[in-house]
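Q: Please take a close look at the aromatic cluster in this model and the residues that go with it. Then set it beside the other side-chain contacts.

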Amino acid sequence: ESEAQTDPFTPEHLIRPGSAIPELLALATLTYGAGLPAGVAELEMIERARAKRAWEASLPQVVDEASFALRLKMMEDMELKEWQEREEEIRRLQEARLQVLAKVIEKRELENEAINNERVARIWQRKLQERDAMMEKIEKRRQKALRKLAEMRGKVEPTFARRDVIAEYADYGSSVYAPRARDGLTRDRSGNTLRIEIEDLETYQGMTALVVSASTKCRMLQKEHYIQEQLRLMDAKIKERRQATELSDLAEEPPLRFAKKIEKAVQRPPTPRIRAP
């Protein structure tokens with residue numbers, strides 16, 4: 001039953017006429033979840049209600065002006081006390097609300113601070129990545145510039161290498177055997193003794209005549225080569241034709257499937273001749 005019932009049940013009640021109101025009915029406005037179970041505030045309210053009932057019982061009866069003035073003074077004092085208690089209650093409620101509001105604001109500030117810290121961390125990481133990428137690019141440019149400077153320094157600064165005479169004479173492609181004209185005088189002048197001078201190559205007219213004669217000879221050689229090539233091709237074709245003819249003569253005739261009539265050649269009569277006188 002306790003598991004099925006949600007809120008406590010308060011039965012209806014009746015008060016006998018002329019009887020005193022029981023103190024328990026002062027708690028009729030309290031319900032489960034709204035004052036019940038009773039806490040410190042509810043106990044203070046119950047004590048104030050008892051004090052007020054005791055004060056109401058102590059009020060003097062109005063029989064004359066003095067009793068009326070005393071009763072009025074006691075009521076004013078009680079009203080002033082109630083106002084003070086109400087103001088104190090309002091102050092406590094405001095302080096409780098302020099505490100709740102402070103907690104909510106503090107929680108919000110903490111959440112905002114966490115969000116801001118996370119955003120700052122993301123920005124910091126992005127800036128670090130950008131810095132690393134920029135430093136990598138700068139390092140690449142620095143290495144490239146250093147390589148260029150080293151290459152330029154190698155071209156500007158003269159390099160002196162000692163001559164290896166044995167290696168030069170062992171290499172037939174060296175400047176000893178094939179000197180370059182742009183280098184000026186050769187190191188070994190003894191090679192100049194084998195130089196052959198041709199008069200036709202010393203002048204422009206001689207070189208022109210040499211070119212003309214060489215072109216004529218080339219054309220003659222080309223024509224002769226063409227004629228020789230044509231003769232060679234004709235000879236090869238004649239040989240092939242002869243070989244084909246010999247093979248056709250040597251080939252056996254195919255066997256006859258039917259009887260074949262052999263016609264004899266018609267003998268022509270002798271041709272008459274006239275004797276000379």
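A: What follows describes the tyrosine cluster, then the charged pairs and one helix.

The model is predicted. Two aromatic pairs are counted in it. In one of them, Y169 and Y177 are arranged edge-to-face, with 6.3 Å from centre to centre and 80° between the planes. The other arrangement to describe joins Y172 and Y177: the ring centres are 5.0 Å apart and the planes stand at 45°, so this pair is tilted. The cut-offs decide these names, because planes over 60 degrees apart count as edge-to-face and those under 30 as stacked, with the rest called tilted. Y177 takes part in the edge-to-face pair with Y169 and also in the tilted pair with Y172. Through these ring pairs Y169, Y172 and Y177 are linked into a cluster.

How exposed are the three rings' residues? Y172 is exposed, at a relative accessible area of 64%. Y169 is partly exposed at 38%, and Y177 is likewise partly exposed, at 41%. The class boundary matters here: exposed means over 50%, so Y172 at 64% passes it, whereas Y177 at 41% falls in the partly exposed class.

The same tyrosines reappear in a surface feature. Y169, Y172 and Y177, together with V165, make a nonpolar surface patch of about 440 Å². V165 belongs to helix α3, which covers residues 165-170, and has a relative accessibility of 39%, which counts as partly exposed. Residues need over 30% relative accessible area to enter a patch, and V165 at 39% therefore meets that part of the rule.

Now the charged contacts. One salt bridge is formed by R163 and E168, with 2.8 Å from N to O. Its two partners differ in class: R163 is partly exposed at 32% relative accessibility, while E168 is buried at 15%. Elsewhere, salt bridges that share partners join E88, R91 and E95 into one network. Within that network, the side chains of E95 and R91 meet at 2.5 Å, N to O. Both residues lie in helix α2, four residues apart, or about one turn of the helix. E95 is partly exposed at a relative accessible area of 37%, and R91 is partly exposed at 36%.

A further salt bridge connects K73 with D77 at 3.3 Å, N to O. These two are also four residues apart in helix α2, which spans residues 65-156, a spacing of about one turn. D77 is partly exposed, with a relative accessible area of 42%. The whole structure holds twelve salt bridges, among them the bridges of R163 with E168 and K73 with D77.

Charge also meets an aromatic ring in this model: the charged end of R86 sits over the ring of W83, at 4.9 Å from the ring centre.

Helix α1 completes the account. Helix α1 runs over residues 40-58 and has 19 residues. From first C-alpha to last, α1 reaches 27 Å, close to the 27 Å expected at 1.5 Å a residue. Its buried residues are E42, I46 and W55.

To return to the part requested, the cluster consists of Y169, Y172 and Y177, and these tyrosines share the nonpolar patch with V165.

Note on methods
Residues numbered from 1 in each chain as written. Predicted model: local features only at pLDDT ≥ 70, side-chain atom pairs only at ≥ 80, totals over all residues. Heavy atoms only, no water. Expected span 1.5 Å × (residues − 1). Buried < 20%, exposed > 50% of the residue type's maximum accessible area, 1.4 Å probe, protein only. Salt bridge = Lys/Arg side-chain N within 4 Å of Asp/Glu carboxyl O. Phe/Tyr/Trp six-rings, centres within 6.5 Å; stacked < 30°, edge-to-face > 60°. Lys NZ or Arg CZ within 6 Å of the ring centre and 35° of its normal. Patch = residues over 30% accessible without salt bridge, like charges linked within 9 Å, V, L, I, M, F, W, Y side chains within 5 Å. Areas by Shrake-Rupley, 256 points an atom, 1.4 Å probe, with all protein chains shown as cover.
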